[in-house]
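Q: I am new to this structure. Please take a close look at one part of it, the packing of one pair of helices and the core around them.

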Amino acid sequence: MTQTDAIRCCAKCGLAYRSSYACCPSDGGELQLHDRDPLIGATVGPYEIEALIGEGGMSRVYRARHSRLQQRKVAVKVLLGDFAADLEMRLRFAHEAELASSLNHPNIVSVLDYGVTDRGMTYLAMQYVEGGALSALIDDKAPLPLERVLALGRGMCRGLAHAHAAGVVHRDFKPDNVLIVAAADGEVARIADFGLAITSNEEVSARFTQAGIALGTPLYAAPEQTHGDEVVDSRADLFGLGVTLYEMTAGKLPYDSEGGFDAMRANATGKPPPIAERTEGRVRVPAAFDALLRRMLARKASDRPATALEVLEALNALDPAALPMEADAVSLPARRHGPRRWAAIGAVLAVAGGVGLVVARRDNPPQQLPAPIAVVAAQPAPPMLPPAPPVDASLARGAEPPAHTTPARRTATPAPRPLPRRARDQTPAPPPAPVQVSVESPIAPEVPTPAPAPVPVPVPVPLPAPVVKVAPPPRDARITIEKLAVRGSLSASVLHRGIERVLPAIQRCYVEAATQAHQRGNVRVRVALKIDDTRRAVDVQSTSPWAALSTCARSALGGIRTSTAPDVGSVGVQFDLSIVGVP
């Protein structure tokens, strides 16, 4: 285990520290680097610690058993030594235990016990829940099916409704604080970690409201949580729930942001796009669900649903099998009646005898219709070409035309003379048959001169190209994380787990880049990035001998998401990825 994997703990009480204290403020013990957490196997109050199961910004969570009731498993939350030395943080920790212990609901993780050891270690015991965080489910499976989103969303609404009815506002509702537990009838969502919760008692809540502490996670924090002059109530939890439901359904947050103030500004000023638009048409949901999310993510608290029960009723009214899916964001423009449709209409009218019916609506302006189609009885077809003009005899004999010619006057056709009376009474004789007169052209047609036959040119026969043996592209790759260095308040093990989650994507990047370059050698990718307070990787930089691999790896590494967030600021991370191609 490297030095970055070690944990700094007090030699006396075993409290873990992340800051640069030289000794433990609680008992004066020296802080030393340990390869193993000294609390594992120790006893904290009446609980025997068995394993570390989670780590947050202010505490570490362990699986434990009651020393006298061995069959009773609990989760013990121990405040980090950095915060245990602060009186304000100890009071906040006790405040969380008091609030959460008053809640008893199937969709809430209940607090069972609270205490302080003789050496000043502050802890609370909660129900032990076998399940993973909702954030891990989103990372692995999102976008989730709408049926699953609605089922889990209803459970979260019930848990929040119970807490709000007891006067408790969570103020840090996010996927990290929701556990998904398997049950006989499906999955159950259970809300945990009321560390930033407030009550309806303004005097009590004011004591625990500090800038930078009670803000919540920026990506899920309501706009009023970023303004100290606005009242924060239960509708702030509905905002966090709305962001969570959006992320579960779309597989991404409503806005692209780098976290921190960028996320707060987007929540305060932006308008969440429809899910179909955010996912480029890959995910479509009922229009009623999109409208509900937009209400929950409204900038003003007064524009959101009033209670969690109102959101629950809206979710209950949604049935994915019965409601139409919204596709406005990706639908094609409405097709208008083009020439083909009017041609078909004209054909129908012609078959029907040329009778047409036009219905004009008063509420619409008149439209320009195509020219009507006339249906005429069968008649002799007119000549295709106009009759040829009379040919001047002088031109026919080859004489030159006069210098000045006057255009011939058009003479009117004389009207037929009236027949005599006797002729009128007789049956008119049939008209004589038309006489066809052909006029031969005086100019003889030109006879084209045959072109000379092409001379054959010998075509050189290309020589066969030399055979070059190309190594077959790799089908897979083995990747090793090396030289991991962390500068900040996150442990190397937490970073290592976050990096491992994106290694399959890095493998695909290597195979694609090696196939394009027709290579299969070993490659080393050097990476530098930061983990911000949203647990996401930002400012990602990657270099390798292959430009295509560097670009693809940079995009894949942007998907790193750690299980815990840094305490203050961002954490700098550097490491190498050693990649070996597998044929």
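A: What follows starts with the whole chain, then turns to the helix pair and the core.

The model is predicted. The protein chain has 583 residues, and 39% of them count as buried. Its secondary structure comes to 16 helices and 18 strands. Among contacts with a separation of 6 or more, 66% join residues 24 or more positions apart.

Now the pair. Helix H4 spans residues 146-165, and helix H10 spans residues 308-316. They pack at an angle of about 160°, with their axes 8 Å apart. Angles over 145 degrees count as roughly antiparallel, so that is how H4 and H10 lie to each other. The crossing of H4 past H10 is left-handed.

Which residues make the contact? H4 brings Leu 150, Gly 153, Arg 154, Cys 157, Arg 158, Leu 160, Ala 161 and His 164. H10 brings Ala 308, Leu 309, Val 311, Leu 312, Leu 315 and Asn 316. By class, nine are nonpolar, three polar and two charged.

Next, the core. The largest nonpolar core holds 51 residues. Met 156, Leu 241, Met 248 and Phe 289 touch the most other members. H4 and H10 each give two or more residues to this core. So do other elements, including helix H6 (235-250), helix H9 (287-296) and strand S12 (178-183).

Met 156 deserves its own look. Leaving out residues up to four places away in sequence, Met 156 touches Leu 134, Phe 173, Val 178, Ala 189, Ile 191, Leu 241, Leu 245 and Met 248.

A second, separate core has 38 residues, among them Leu 31, Tyr 47, Phe 83 and Leu 124.

Methods
Residues numbered from 1 in each chain as written. Predicted model: local features only at pLDDT ≥ 70, side-chain atom pairs only at ≥ 80, totals over all residues. Heavy atoms only, no water. Axes fitted to C-alpha atoms, helices over the stretch in contact; angles between N-to-C directions. Helix = DSSP H or I, 4+ residues; strand = E, 2+ residues; numbered from the N terminus. Parallel < 35°, antiparallel > 145°, perpendicular 65-115°, else oblique. Left-handed = near helix turned anticlockwise from the far one by under 90°. Contact = heavy atoms within 4.5 Å. Nonpolar A, V, L, I, M, F, W, Y, C, P; charged D, E, K, R; others polar. Core = buried A, V, L, I, M, F, W, Y, C linked by side-chain atoms within 4.5 Å. Buried < 20%, exposed > 50% of the residue type's maximum accessible area, 1.4 Å probe, protein only.
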